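Take a walk through the fold below. Keep the sequence and the model side by side.

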Amino acid sequence: NVLILDFGSQYTQLIARRVRELNIFCEIKPYNKVPQDMSVYKAVILSGSPFSVRSEDAPHPDLSQIKGKIPLLGVCYGAQYLAHFHGGLVAPSNTREYGRARLTNIKNDERFFYEITDGTQVWMSHSDTIQKLPEGAVIMASTGDVENAAYRIEGEDTYAIQFHPEVYHTTQGKLILENFLVHIAGLKQSWTPDAFVETTVAALKEKIGDDKVILGLSGGVDSTVAAVLLHKAIGKHLHCIFVNNGLLRKNEFQDVLDQYQHMGLNVKGVDASARFLDALAGVSDPEKKRKIIGKVFIDVFDDESHLVEDAKWLAQGTIYPDVIESVSVTGGPSATIKSHHNVGGLPDFMKLNVVEPLKMLFKDEVRRVGASLHIDDERLGRHPFPGPGLAIRILGDITREKVAILQEVDAIFINGLREWGLYDKVWQAGAMLLPVNSVGVMGDERTYEKCVVLRAVESTDGMTADWVDLPYAFLQKTSNSIINKVPGVNRVVYDISSKPPATIEWE
Ligand code: XMP
C-alpha cells in the first residue's frame with residue numbers, strides 16, 4: 001500500500017491514478033492527517049501544492065515516522081518541503097518555471113532513473129526553486145533552468161523531484177514512479193481488477209454474512225457494478241430497487257430492468273412516474289424541481305425498503321473522488337451551484353448500516369472491475385445521466401407531453417451518435433427542450449412550435465467540459481430527422497458553450 005500525502009495540488013488525484021495504473025494500490029490523505037500507524041505503508045509520496053514553503057501558512061506535517069524509515073518521494077512542493085525543512089534553501093526563482101523542460105545530467109546508475117533517457121521531457125509547474133540542497137543530499141539531475149531538478153538523501157530511500165511525474169507531458173513519468181515503487185520500495189504490481197473482485201467479494205461475505213442488503217439501482221455504471229459485486233458475494237440476499245421517476249430516457253426503464261434480470265440480479269422495478277410527475281406539476285424553478293425529485297425519491301425508496309423485511313444494510317455505489325478529503329486551499333465553503341442531494345430528516349432506510357464496495361475506486365477502475373465481472377460494454381460505456389433525469393433538461397414546467405417529446409428527440413440524437421460511431425467519442429450527450437416557441441414553415445403551412453437544443457461534451461469528470469465538434473453531416477441528418485419525426489418541434493440548435501462558464505445541464 002502506498003500513501004500519498006496531499007498538499008492541495010490539482011494533480012494529487014492524478015498521482016494516485018498513475019500509481020494504480022501500475023497495479024499498485026494507494027490512498028490519498030490530507031497532509032494534516034498523517035496516519036498514526038504507518039506499518040501498512042511501504043512507500044509515501046508527497047504531492048505538489050499551491051503554497052510556497054516560505055509562506056506562513058505553508059503545510060508543515062511531521063514526517064518523523066516517515067523520512068528515513070519508509071521510501072519517500074517528494075514531488076514539486078514535496079521536493080521543496082524536504083529541502084526547506086532539512087537545511088536547504090528554497091527561494092523565488094528569477095524565471096517562473098512552467099511547462100516542458102529537458103532533464104539532463106541524469107545519474108543513470110541510480111535505481112531511481114533506471115532506463116530513463118538523458119534529455120527526456122518533464123513538466124514543470126512552480127515559481128520557487130531549490131537553491132541549496134538539504135543536508136546529506138546529492139543531485140541526481142538538472143534541467144536548463146533548474147539545477148536541482150532531482151536529488152536524493154544519502155543513506156535513506158528519500159528522493160525528491162521538482163517536476164511532475166504524474167502528468168501526461170512528462171514522457172517517462174510513469175516509469176520513474178515504477179522505478180521508485182517497484183525497484184526502491186519493493187512493491188508488487190498485483191492490484192488488478194480480478195484481484196480486487198476476489199478480495200472484495202470475500203470481504204463482503206465476511207462482513208455481511210446472511211444479512212439482507214438493499215441497493216438502489218440507477219442504470220448507471222457505479223450502481224450496476226456495485227450490485228453485481230454484491231450479488232457475487234451474497235446472491236439473493238441483495239435486494240435491488242430500480243425506480244422509474246417518469247423522467248428516464250425512452251424505453252430506459254423496461255430495457256434496463258430486463259438487462260438486470262438477465263444478469264440474475266434480484267431486482268424490483270417500481271414505476272413511480274405518476275408520483276414524480278404529479279409532484280412536479282406547475283413547478284418551473286430549477287432548484288425546486290431538484291428538491292421535489294429528491295424528496296419523492298426518498299419517499300418511494302423508503303416505502304420500498306420497508307417491504308424488504310429485516311434488511312440490515314444499505315449498499316451504495318459511492319466512488320473514491322466522492323470520499324477523498326480535500327485540502328482546502330481557499331478556506332471558505334464553496335457556493336452551491338446546483339443541489340444534487342437534498343435530504344430532509346432521516347428516512348428509515350438511511351438508518352441502515354452502509355456498505356460501499358467501490359469507495360476506493362476511480363471511475364475508470366470501476367469500469368475495469370465491471371469488465372472483469374463480465375458486465376457488457378454498452379452498460380459500462382454508458383454516458384452519465386443525471387439523477388433528476390429529463391426534468392432538468394425540460395426548461396420551465398414539466399408535463400407528460402413535454403417528457404414524451406424530449407424522449408423522442410433524445411432517442412434520435414443518441415441512437416444517431418451510436419450509428420455514426422460517435423457515441424464513445426463523446427463523454428456525455430443529451431437534448432434540452434426550451435420553453436419557447438418559434439415560427440417555422442412546413443409545406444405551405446406556418447408553424448409555431450418548440451425548439452430543442454442538442455448538447456454533446458467532452459470531459460473527464462464533469463467538472464470542466466467543452467462542446468464536441470460533431471460532424472456537420474451528422475448534425476444536419478439529426479436535425480432533419482428530429483423535425484420530420486417529432487411532432488411539435490420545428491427548430492433544432494446546437495449548444496457551443498464550454499463549462500465554465502456554462503454548465504453541462506441547462507438547469
Ligand atoms: P453540471 O450541469 O453541473 O453537470 O455541469 C455536471 C455533471 O453532473 C451531472 N448532474 C447530476 N448527476 N444528480 C446526478 O446524479 C444530479 O442532480 C445532477 N445534476 C447534474 C450532469 O449530468 C453532468 O454529468
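The tour goes from a sheet to its helices and then to the ligand.

This is a predicted model; local features need pLDDT of at least 70, side-chain atom pairs count only at pLDDT 80 or more, and totals for chains, interfaces and linings use all residues. Residues are numbered from 1 along each chain as its sequence is written.

Start with the sheet. It is open, has 5 strands and follows the order β12-β11-β10-β13-β14, with parallel pairing. Strands (E, at least two residues) and helices (H or I, at least four) are DSSP runs, numbered from the N terminus. Two strands pair if DSSP finds at least two bridges between them. The edges belong to β12 (267–271) and β14 (353–355); each has a single partner strand, so one side of each lacks a neighbour in the sheet. On average, neighbouring strands are turned by 30° against each other, direction ignored. Axes here are lines fitted to C-alpha atoms, for helices over the stretch in contact, and angles run from 0 to 180 degrees between N-to-C directions.

Look inside the sheet next. Strand β10 (residues 212–217) runs parallel to β13 (residues 311–315), and 4 bridges join them. Ile 214 has Leu 314 of β13 as its bridge partner. Helix α5 (residues 221–234) lies across β10, β11 (238–244) and β13, at about 160° to β10.

Now the helix pairs. Helix α7 (residues 273–280) packs against α8 (residues 286–307) at an angle of about 150°, with axes 10 Å apart. The two are therefore roughly antiparallel, a term for angles over 145 degrees. The contact (C-beta atoms, placed from the backbone, within 7 Å) involves Arg 275, Phe 276, Ala 279 and Leu 280 of α7, and Lys 289, Ile 292, Ile 293, Val 296 and Val 300 of α8. By class, that gives 7 nonpolar, no polar and 2 charged residues. Ala, Val, Leu, Ile, Met, Phe, Trp, Tyr, Cys and Pro count as nonpolar, Asp, Glu, Lys and Arg as charged, and the others, Gly among them, as polar.

Helix α12 (residues 400–419) and helix α13 (residues 472–485) also pack at about 150°, their axes 10 Å apart. That makes α12 roughly antiparallel to α13. Residues in contact include Phe 413 of α12 and Phe 474 of α13. This contact has 5 nonpolar, 3 polar and 2 charged residues.

Finish at the ligand. Which residues are closest? They are Pro 386, Gly 387, Thr 503, Ile 504 and Glu 505, among 13 that surround the ligand. A residue is near the ligand if its C-beta atom, placed from the backbone, lies within 6 Å. The shell holds 4 nonpolar, 5 polar and 4 charged residues.

Technical notes:
Contact = placed C-beta atoms within 7 Å. Parallel < 35°, antiparallel > 145°, perpendicular 65-115°, else oblique.
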